[in-house]
Amino acid sequence: MAAKESKPAYSPGLAGVIAGETQICWVDPNAGLMYRGYDIHEMAEKASFEEVAYLLLNGELPDVEQLNKFTSEIAMARMLPKQVLDALRLMPKKTHPMDMLRTGVSGLGAFDPELNDHSHAANIRKSIRLIAKVSTLITDGYRIAHGEQPLPEREDLTLAGSLFYKLRGEVPQDWQIQMMDTILILYADHEFNASTFAARVTASTLADIYAAVTSACAALKGPLHGGANEQSMRMLDEIKTPERAEDWLKDQLAKKAKIMGFGHRVYKKGDSRVPTMREIGRDLGKRTGKENWIPICEKLEQTMEREKHLCANVDLYAAPVLTMLGFDPALNTPIFAASRVAGWCAHVVEQQDNNRLIRPLSLYTGPAPRAYAGGSKNGA
Ligand SMILES: CC(C)(COP(=O)(O)OP(=O)(O)OC[C@H]1O[C@@H](n2cnc3c(N)ncnc32)[C@H](O)[C@@H]1OP(=O)(O)O)[C@@H](O)C(=O)NCCC(=O)NCCS
């Protein structure tokens, strides 16, 4: 009899499994988050999104000159090839913005002259183009789907300002730009989350960075990941008032429903990004007079803690924040992508700089070996 094969440990959903090394980001399960060793909280208040994107990609903070150059490189790379815009025009008007984005990123690859150069320098250059163009795919795709012309580029605006301007049609005030920067910084990276891991798996085959970011967009869409910030808003809309929140939640839990904006694979003592996002939400509530949303979230948080010992994640508060900033909830996940693309690109660069194919094992649970009794080719 053959010796019994020893099996490596198996963890469903890869929970607790270390699937690679990274120097980009550390998610502390006890509610901390660092980008390249810097606590994100101070950066989220003071930095521009470009400063953080530069840090993620290059490993160090930029000096003033480097930041200005990087910011203007992104601004100047925002324009899309006409053919990509035309392709977006061919899509059905009801296409979800995440599907448009995924298709657009895939199409963009063919227009990049360095598509198949996976050197570090070329990957950084392509990352800049991707960070720039992902935001334009979102803004222009959204306008096209709504029967409008995309607005002309404003190279004087940073990515946060441009995203706001091209979606809302008005140049944001300074406080709105600062809020957009903070939101984008909070979302920029989160180590081996599902979309980043999808990007790294694709990059590890030595497929190009556009292929990797296309995979990432596909993974981000799901409601257990990035799609949760859209679904959270739909949930808050259904609840409507803080007074209804507790009963609504208990009813859903009794039905064993998954509550969007709660739970996390890594954080078990709270999501480090929640306090900042909650604060923005309170501020926006006062500024816009929409003071219902944050109390609903808080009521849900208290009830969830009591009933299930589960903490809110950033998507619960990002949802009303983006709504109060005037965005359609269907744009919540794309706005997340406009930021996370910086993290995706940094991870692709890191993966391809020191590549090993990512190819795990599976645990076979199918039928035991059995005799084949078919043979349709022989007329059986
Ligand atoms: C994020 C998420 C996918 C993590 O899943 P996970 O790591 O497999 O979840 P856990 O193993 O910690 O779940 C532990 C228990 O809590 C439950 N749980 C986790 N999140 C829950 C939620 N949002 N609503 C209701 N129950 C939840 C699980 O069903 C499980 O219950 P069980 O032990 O009775 O089966 C999950 O929490 C979820 O679906 N959240 C909602 C979607 C969301 O907000 N996603 C954005 C994440 S940033």
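In this predicted model, Gly147 is exposed, because just 7 other C-beta atoms lie within 10 Å of its own, and a residue counts as exposed at 12 or fewer. Gly147 sits in the loop that links helix H6 (120-145) to helix H7 (159-168). A useful partner for getting a sense of scale is Ala338: 191 residues of sequence lie between the positions of Gly147 and Ala338, counted from one to the other, and their C-alpha atoms are 22 Å apart in space.

From this loop the view can widen to the whole chain. The secondary structure of the protein chain consists of 16 helices and 3 strands. The chain is as compact as a globular protein of its length, because its radius of gyration of 22 Å is close to the 21 Å that the globule rule gives for 380 residues. Along the principal axes, the C-alpha atoms occupy a box of roughly 75 × 55 × 45 Å. Of the 380 residues in the chain, 45% are buried. Contacts also reach across the sequence: among those between residues at least 6 apart, 77% join residues at least 24 apart.

The strands come next. The 3 strands make an open sheet in the order E1-E2-E3, and their pairing is antiparallel. Strand E1 (25-28) and strand E3 (38-39) are the edges of this sheet, each pairing on one side only. E1 is joined to strand E2 (residues 32-35) by 4 bridges, and the two run antiparallel. Across this pair, Trp26 stands opposite Met34 in E2, and Val27 faces Leu33, also in E2. A hairpin with 3 residues between its strands is formed by E1 and E2, and Ala31 in its turn has a positive phi of about 80 degrees.

On the other side of E2, the antiparallel pairing with E3 runs over 2 bridges. Here Tyr35 has Tyr38 in E3 as its bridge partner. The hairpin of E2 and E3 has 2 residues between the strands, and Arg36 in this hairpin takes a positive phi near 50 degrees. The side chains of E2 alternate along the strand: Leu33 and Tyr35 point to one face and are buried, whereas Gly32 and Met34 point to the other face and are not.

Turning to domains, the protein chain is divided into domain 1 (21-220 + 334-353) and domain 2 (228-324). The centres of domain 1 and domain 2, taken over C-alpha atoms, are separated by 26 Å. Where the two domains touch, domain 1 contributes 14 residues and domain 2 contributes 16 residues. On the side of domain 1 that touches domain 2, at least two residues each come from E2, helix H1 (40-46), helix H8 (174-187) and helix H16 (332-353). H8 gives the most to this side, with 4 residues. By class, the domain 1 side of the contact has 10 nonpolar residues, 4 polar residues and no charged ones.

One helix deserves a closer look. Helix H15 (residues 314-324) is mostly covered, with 11 of its 11 residues buried. Among the buried residues of H15 are Asp315 and Thr323, along with Val314, Leu316, Tyr317 and Met324. The cover over the buried residues of H15 includes H8 and H16, together with helix H11 (228-239), helix H13 (274-288) and helix H14 (293-308). After H15 comes Gly326, which has a positive phi, near 100 degrees.

Finally, there is the ligand. It is surrounded by 16 residues, and the closest are Ala228, Ile259, Phe262, Gly263 and Arg265. Sorted by class, the shell around the ligand holds 6 nonpolar, 6 polar and 4 charged residues.

Note on methods:
Residues numbered from 1 in each chain as written. Predicted model: local features only at pLDDT ≥ 70, side-chain atom pairs only at ≥ 80, totals over all residues. Near = placed C-beta within 6 Å. Nonpolar A, V, L, I, M, F, W, Y, C, P; charged D, E, K, R; others polar. Pairing = 2+ DSSP bridges. Domains from an automatic or database assignment. Contact = placed C-beta atoms within 7 Å. Buried ≥ 20, exposed ≤ 12 C-beta atoms within 10 Å, placed from the backbone. Rg over C-alpha atoms; globule rule 2.2 N^0.38 Å.
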